Amino acid sequence: MPRVLGVDIPNEKRLEVAITYLFGIGPTTARKLLKELSMRGDVRAKDLSDEEVARLASHIDANYTVEGTLRRQVLSNLNRLKDISCYRGLRHRRGLPVRGQRTRCNARSRKGPRKTVANKKILRK
Amino acid sequence: MTRSIKKGPYIDAKLLGKVEKQNSANTRNPMTTWARACTVAPEFVGHTFMVHNGRTHLKVFVTEDMVGHKLGEFSPTRTFRGHTKKG
């Protein structure tokens, strides 16, 4: 299996899908990137020659922020918001929706699994 | 919807005037303001603002990271003291 940029080992999938296994490369970037290199997206990743893999890797490395660098960038953006204690930072700290969504119901992606409060209905009366 | 780039950032004229006055006088006194919608300009760095939150003015010390945000973002308007405990 070919290795692109260290840890990532895309498998027996079509190349344009295989490179989306890299953090920071989705379907759109993948297609754009292969076009820049004028490589075909429909060949299997295992059929790539070493030279092609190297070309792919160096191109991504030079032009895109992926994997660790990108993760660090995202984290530092979050930490900046938290440090300046602005509204968005506070929402990140509390694990609540940041962009003004309602929290009375839903918002489960941010809040995580429901924490049921026993006897809530009785207490409300 | 974001603000049109043509207009540039909204900076409260009165507040900017106050900041410039302090900059030329080289003072760093807190400035009371209600202009929560005012964008933090680079000139504001190092100054302290008392930003209204609907009830009181909260102290906001502007650092370099805050440039580009609105003053209101640093002065929360809601107090959440937690849900009622049983009993």
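These legends accompany views of a predicted model with chains A and B.

**View 1. Chain A is built from helices.** Let's begin with the overall make-up of chain A, which has seven helices and zero strands. Read from the N terminus, its elements run α-α-α-α-α-α-α. The C-alpha atoms occupy a box of roughly 70 × 30 × 25 Å along the principal axes. For 125 residues, a compact globule would have a radius of gyration near 14 Å, while chain A has 21 Å.

**View 2. The surface and charges of chain A.** Here we turn to what chain A shows to its surroundings. About 9000 Å² of chain A is exposed, and carbon and sulfur atoms supply 50% of that area. Buried residues account for 30% of the 125 residues. Chain A carries 30 positive and 12 negative charges, and the mean positions of these two sets are 24 Å apart. Of the contacts in chain A with a separation of 6 or more, 43% link residues 24 or more positions apart.

**View 3. Thr69(A) sits in helix 4 of chain A.** This helix covers residues 67-83. Thr69(A) is partly exposed, because its relative accessible area of 44% falls between the 20% and 50% cut-offs. You can also look for Gly24(A) in this view: 45 residues separate Gly24(A) from Thr69(A) in sequence, yet their C-alpha atoms are 9.7 Å apart in space.

**View 4. Chain B combines one helix with three strands**. The order from the N terminus is α-β-β-β. Chain B is more spread out than a compact globule, because its radius of gyration is 15 Å, well over the 12 Å that the globule rule gives for 87 residues. Its C-alpha atoms fill a box of roughly 60 × 35 × 20 Å along the principal axes.

**View 5. The surface and charges of chain B.** Chain B exposes about 6200 Å², with carbon and sulfur atoms supplying 55% of it. Buried residues make up 33% of its 87 residues. There are 15 positive and 6 negative side chains in chain B, and the centres of the two sets lie 14 Å apart. Among contacts between residues at least 6 apart in sequence, 41% join residues at least 24 apart.

**View 6. His52(B) and its neighbours.** His52(B) belongs to strand 2 of chain B, residues 48-52. His52(B) counts as buried because its relative accessible area is 16%, under the 20% cut-off. Leaving aside residues up to four places away in sequence, His52(B) touches Thr33(B), Trp34(B), Arg36(B), His57(B) and Ser75(B). With His57(B), the touch includes a polar contact between the two side chains, at 3.5 Å.

Conventions: Residues are numbered from 1 along each chain as its sequence is written. Chains are lettered from A and ligands numbered from 1 in the order in which they are written. This is a predicted model: local features need pLDDT of at least 70, side-chain atom pairs count only at pLDDT 80 or more; totals for chains, interfaces and linings use all residues. Side-chain values use heavy atoms; hydrogens and water are left out. Helices (H or I, at least four residues) and strands (E, at least two) are DSSP runs, numbered from the N terminus. The radius of gyration is taken over C-alpha atoms; the globule rule is 2.2 Å times the number of residues to the power 0.38. Buried means under 20% relative accessible area, exposed over 50%, partly exposed in between (1.4 Å probe, protein chains only). Contact means heavy atoms within 4.5 Å. Accessible areas come from the Shrake-Rupley method with a 1.4 Å probe; for residues, only the protein chains shown count as cover. Lys and Arg count as positive and Asp and Glu as negative; His and the chain ends are not counted. The place of a charge is taken as NZ of Lys, CZ of Arg, CG of Asp or CD of Glu. A polar contact is a pair of N or O atoms within 3.5 Å; within protein, one must be able to donate a hydrogen and the other to accept it, and residues adjacent in sequence count only if both atoms are side-chain atoms.
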